[in-house]
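Student: Please take one part of this structure and go through it closely. I would like a connected account rather than a list.

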Amino acid sequence: MKKTLLFAAALLSVAAAAAQKSYTLESPNGTLKTTVTTGPELTYDIACNGRTLLEPSPIALTLDNGTAWGPQARVTKALRTSVDGWIASPLYRADSIREHYNALTLRMKGDWEIEFRAYDDGVAYRFINRGKRPFAIVNEKVEYRFPENFQAAVPYVTVGKDGDFESQFHNSFENIYTVAPLSEMNPGRLAFLPLAVDAGQGMKICLSESDLCDYPGLYLRNADGGKTLSGVFAACPAREEQGGHNQLEMLVREREGYIARVQGPRPFPWRMAVVGSDTQLAASTLSYLLAAPSKIDDLSWIRPGKVAWEWWNDWNITGVDFRAGINTETYKYYIDFAAEQGIEYVILDEGWAVNLQADLMQVVPEIDLREIVRYGASKNVGIILWAGFHAFNRDMEQVCRHYAEMGVKGFKVDFMDRDDQKMTAFNYRAAETAAKYRLVLDLHGTHKPAGINRTWPNVLNIEGVHGLEQLKWRPAVHDQVKYDVMIPFIRQISGPMDYTQGAMINATRANYHPSNSEPMSQGTRCHQLALYVVLDSPLNMLCDSPSNYLREEESTRFIASIPTVWDETRILAGEIGEYIVTARRKGSTWYIGGITDWTPRDLKIDLSFLGGVHSAEVFRDGVNADRKASDYSREEIRIDTAEPFAVHLAPGGGFTLKIETR
């Protein structure tokens, strides 16, 4: 009897081994390797130079008919491809980006497949549906099983009760990072993406997603206090109710029993893990590469640029003979300022439409909108209108048509505050409708870009960032400067951000205080100037008052003239949470910017890639910037790139270089 049992066990073991099959995929340079295994679970791992960074982690989709894609998967065909070429990226951080990867596609019995790609700086996968019949996805299993209790930089959702994920799903995707070991993550609190993990030995892993269209966004949580992060998704809304900020939001009151409804063949979002050193993370373009190609053939009408913005500075202008506020005279003043400085746009933020009506056709009587648009056009300054989500969504076609015919150039849409399937579908539908009428979009109050800026290039900017607006109300214990030296390595991996820099009132750590009507930045003046180089923002705000800018002629000239899209970007140096130095080229002109946290630094920047001796303009922290943060110096110098460029950064400081290489 014992021999019979042993023989049966041996047969089962052989059968299990036969059912389990592994496939390996390496990056083009051979540094990264993933092993995909089918069997009781569909798993993959990640190794870098032979060292395991991610242990075999299960992935699956559960359908409403009870079937599951992943467990016991039966491969009918394994396809391997390699790609090495360049894709155009004219409204981003470079005019073109190299696309270089090896791919493995496993076609499965049951009209589905899974595709893996290995790039030199990351590994990504996605499920693909090939069937034509509609179905619903009840859940997607996403797990990241790490081999050690690594440190993580976690952006938690700030709203809702611990453990009550429904109350957390309605959020603005804005928070600073909590840095702690994986095991110390709050199990009752969701984290939104991107999220970074320090794997030690100089290696980091940044987790995010791309091509997030018509599918809920991924949250992560640590459920058991161990080393595993598990995915959580908001179910599809079944019933919504108007409410929230000025009745401009749609609040979910009931949800379906599934996370996504699928109508036919389609790919699902990419799950991506960017892997590399700190500077490799900051240089990554993986989110852009994984996104669907542009849906717009003619991009000539899309005009990136800078925006004179009135909300952050509370419409505070001085030295005029009219009452400043939401009225025609004030906006003509902003247009005059923009025209004089060569700024492309003026935004009319919240207040131009009648409050509490969620109707963008009702303009407040103090505003002559047609005259403002006409006046702006006469001075080559475009007008962008702020729009609350519900007001824009309820009559999107008419709103876009009406204001495009008036001459408005775009919309800043706000207060989406969700990323379930209906809301991610809205973002793409808004982009498509706006493009139909040649309107640009700034998607504020929403999640990270996740590829939409490639698919719909008229979406010039996206929030999903804890930007400078927070300093209108955040207490002094809040550390925005530390956050500034983390987002280029984490949040920016997902794409551009509507951070809204440019403060002319600058404060040291000791002197900062929140102010709604006269807000200030944390850190130095040169820190603010450098953010225009360090951060990706094709539509970039000048957040402060024209009155303040006119008093600060040198700083204003630099901000107003800096490009917002680039021919080339290089990350020259940096460490997450410490400092970063970024170089960007437009034509033959290089802009180099660096920022630090509250630690003063003496940097030596290698500029040998430029070659030769060049004329340069430098803004650097003044000798007293540690006491008065607005202190700076500007010089015109000659730089011999054979020698490192030495610069001192004050606490919370920064610097910029503008170098002509012609």
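Tutor: What follows looks at one residue, Glu 143, and then turns to a helix elsewhere in the chain.

The model is predicted, with a mean pLDDT of 96 for the protein, and 97% of its residues reach 70 or more. An exception is the stretch of residues 4-18, where the pLDDT is below 50 and where the model shows zero contacts beyond near neighbours in sequence.

Glu 143 belongs to strand β10, which covers residues 135-145. With a relative accessible area of 14%, Glu 143 counts as buried, because the cut-off for that word is under 20%. Setting aside neighbours within four places in sequence, the residues in contact with Glu 143 are Ser 57, Pro 58, Thr 228, Leu 229 and Ser 230. Its side chain also makes a polar contact, at 2.8 Å, with the side chain of Arg 145. Glu 552, by contrast, is 409 residues from Glu 143 along the chain, and the C-alpha atoms of the two are separated by 51 Å.

The helix is α9, residues 421-436. At 1.5 Å a residue, its 16 residues should span 22 Å, and the end C-alpha atoms are 23 Å apart, so the expected and modelled lengths agree. Many positions of α9 are buried, among them Gln 421, Met 423, Thr 424, Phe 426, Asn 427, Tyr 428, Ala 430 and Ala 431. Thr 433, Ala 434 and Ala 435 of α9 are buried as well. After α9 comes Arg 438, which has a positive phi, near 55°.

Key:
Residues numbered from 1 in each chain as written. Predicted model: local features only at pLDDT ≥ 70, side-chain atom pairs only at ≥ 80, totals over all residues. Heavy atoms only, no water. Helix = DSSP H or I, 4+ residues; strand = E, 2+ residues; numbered from the N terminus. Expected span 1.5 Å × (residues − 1). Buried < 20%, exposed > 50% of the residue type's maximum accessible area, 1.4 Å probe, protein only. pLDDT = per-residue confidence, 0-100. Contact = heavy atoms within 4.5 Å. Polar contact = N/O pair within 3.5 Å; in protein donor to acceptor, adjacent residues only side chain to side chain.
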